[in-house]
Amino acid sequence: KKISYEKGEADCYLLLAANYGSRANYNAAIQHALSAAHIYHDLKDFNDEAATGLIIQSCYREILDYTNSLYYAFQGKELAEAHNLYGNAINFPGQRLAPLYLAEIGSTYVRMNKLDSALFYTQRSIDENELFNGTTWGFPIYLLATIQRMKGNYKAAHKNYHRSITLSI
């Protein structure tokens, strides 16, 4: 801040947000992530703004504020889709952000027990076929299994839980 290096200031806020979030201090994480996101927005650094939004939406979900979680998730999804954005050095480096946001939206709807919406966004994430380390990303498969279990489709849920474990290994 003292040397007027705004990008560096935003990066520091982002690191603080990630640190506080990993220690379940969600209020501090949100505060720092919002500070970072505002600076990134002013700098028109859409990539880092969208990557920061992943922290914001997940922290709001963790404190059970689903309205704000979805607000920031949809905002990040739109930004990621409009600019074909990828994760930054802190959040999912090299990964396309749109499929991550779709899965996060699905996850929030699971927590809200809105299973049709959860299934819609989870399936969209799966359809994006995002690869991690050269293999299918397991998280949306896990979400799909959870939705299937919650809907009483135990056979399909068992299959997809097993698949998500295999992908995680």
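This report walks through the helix packing, the nonpolar cores and a few single residues of a predicted model.

**Three helix pairs**

Two packed helices are described by the angle between their axes and the distance between the axes. The table gives both for three pairs.

| Pair | Angle between axes | Distance between axes |
|---|---|---|
| α1 (residues 6-22) and α2 (residues 26-42) | roughly 155 degrees | within 8 Å |
| α3 (residues 46-62) and α5 (residues 97-111) | about 10 degrees | 11 Å |
| α7 and α8 (residues 154-168) | about 160 degrees | 8 Å |

Take α1 and α2 to begin with. Their axes cross at roughly 155 degrees. That angle is over 145 degrees, so α1 is roughly antiparallel to α2. The crossing is left-handed. From α1, the contact draws on E6, K7, E9, A10, D11, Y13, L14, L16, A17, Y20 and G21. From α2 come Y26, A28, A29, H32, A33, S35, A36, I39 and Y40. By type, the residues of this contact are 13 nonpolar, three polar and four charged.

Next come α7 and α8. These helices pack at about 160 degrees. That makes α7 roughly antiparallel to α8. The crossing of α7 and α8 is left-handed. On the α7 side, I141, Y142, L144, A145, T146, Q148 and R149 make the contact. On the α8 side, the residues are Y154, A156, A157, N160, Y161, R163, S164 and L167. Nine of the contact residues are nonpolar, four are polar and two are charged.

Then α3 and α5. Are they roughly parallel or antiparallel to each other? Their angle is about 10 degrees. Angles under 35 degrees count as roughly parallel, and α3 and α5 are therefore roughly parallel. Their crossing is left-handed. N47, A50, A51, G53, L54, Q57, R61 and E62 form the α3 side of the contact. L97, L100, Y101, E104, S107, T108 and R111 form the α5 side. This contact splits into six nonpolar, five polar and four charged residues.

**The nonpolar cores**

In soluble globular proteins, nonpolar side chains tend to be buried together. Here, the largest nonpolar core has 24 residues. Which of them touch the most other members? They are A80, L85, L97, L100, Y101, I105 and Y109. Five elements give two or more residues to this core: α3, α4 (66-83), α5, α6 (115-128) and α7 (139-150). The largest share comes from α5, with nine residues. Another core lies apart from this one. That second core has 16 residues, including L14, I39, Y60 and Y72.

L97 ties several of these topics together. L97 belongs to the α5 side of the contact with α3. L97 is also one of the core residues that touch the most other members. Leaving out residues up to four places away in sequence, L97 touches N47, A50, A51, L54, A80, L85, Y86 and G87.

**N47, in helix α3**

N47 lies in helix α3. N47 is partly exposed, with a relative accessible area of 23%. What does N47 contact beyond its neighbours within four places in sequence? Its partners are L85, Y86, G87, N88 and L97. G87 is 40 residues away along the chain from N47, yet their C-alpha atoms are separated by 7.1 Å.

**A82, in helix α4**

A82 is found in helix α4. Its relative accessible area is 61%, so A82 is exposed. A82 and F46 are 36 residues apart in sequence. In space they are 9.9 Å apart, C-alpha to C-alpha.

**Two loop residues with positive phi**

L64 sits in the loop between α3 and α4. Its phi is near 70 degrees, a positive value in a residue other than glycine. Is L64 buried or exposed? L64 is exposed, because its relative accessible area is 56% and exposed means over 50%. L64 and A50 are 14 residues apart along the chain, and their C-alpha atoms are separated by 21 Å.

N84 is placed in the loop between α4 and α5. N84 is not a glycine either, and its phi is positive, at about 50 degrees.

Note on methods:
Residues are numbered from 1 along each chain as its sequence is written. This is a predicted model: local features need pLDDT of at least 70, side-chain atom pairs count only at pLDDT 80 or more; totals for chains, interfaces and linings use all residues. Side-chain values use heavy atoms; hydrogens and water are left out. Axes are lines fitted to C-alpha atoms, for helices over the stretch in contact, and angles run from 0 to 180 degrees between N-to-C directions. Helices (H or I, at least four residues) and strands (E, at least two) are DSSP runs, numbered from the N terminus. Angles under 35 degrees count as roughly parallel, over 145 as roughly antiparallel, 65 to 115 as roughly perpendicular and the rest as oblique. A crossing is left-handed if the near helix is turned anticlockwise from the far one by less than a right angle, and right-handed if clockwise. Contact means heavy atoms within 4.5 Å. Ala, Val, Leu, Ile, Met, Phe, Trp, Tyr, Cys and Pro count as nonpolar, Asp, Glu, Lys and Arg as charged, and the others, Gly among them, as polar. A nonpolar core is a set of buried Ala, Val, Leu, Ile, Met, Phe, Trp, Tyr and Cys residues joined through side-chain atoms within 4.5 Å. Buried means under 20% relative accessible area, exposed over 50%, partly exposed in between (1.4 Å probe, protein chains only).
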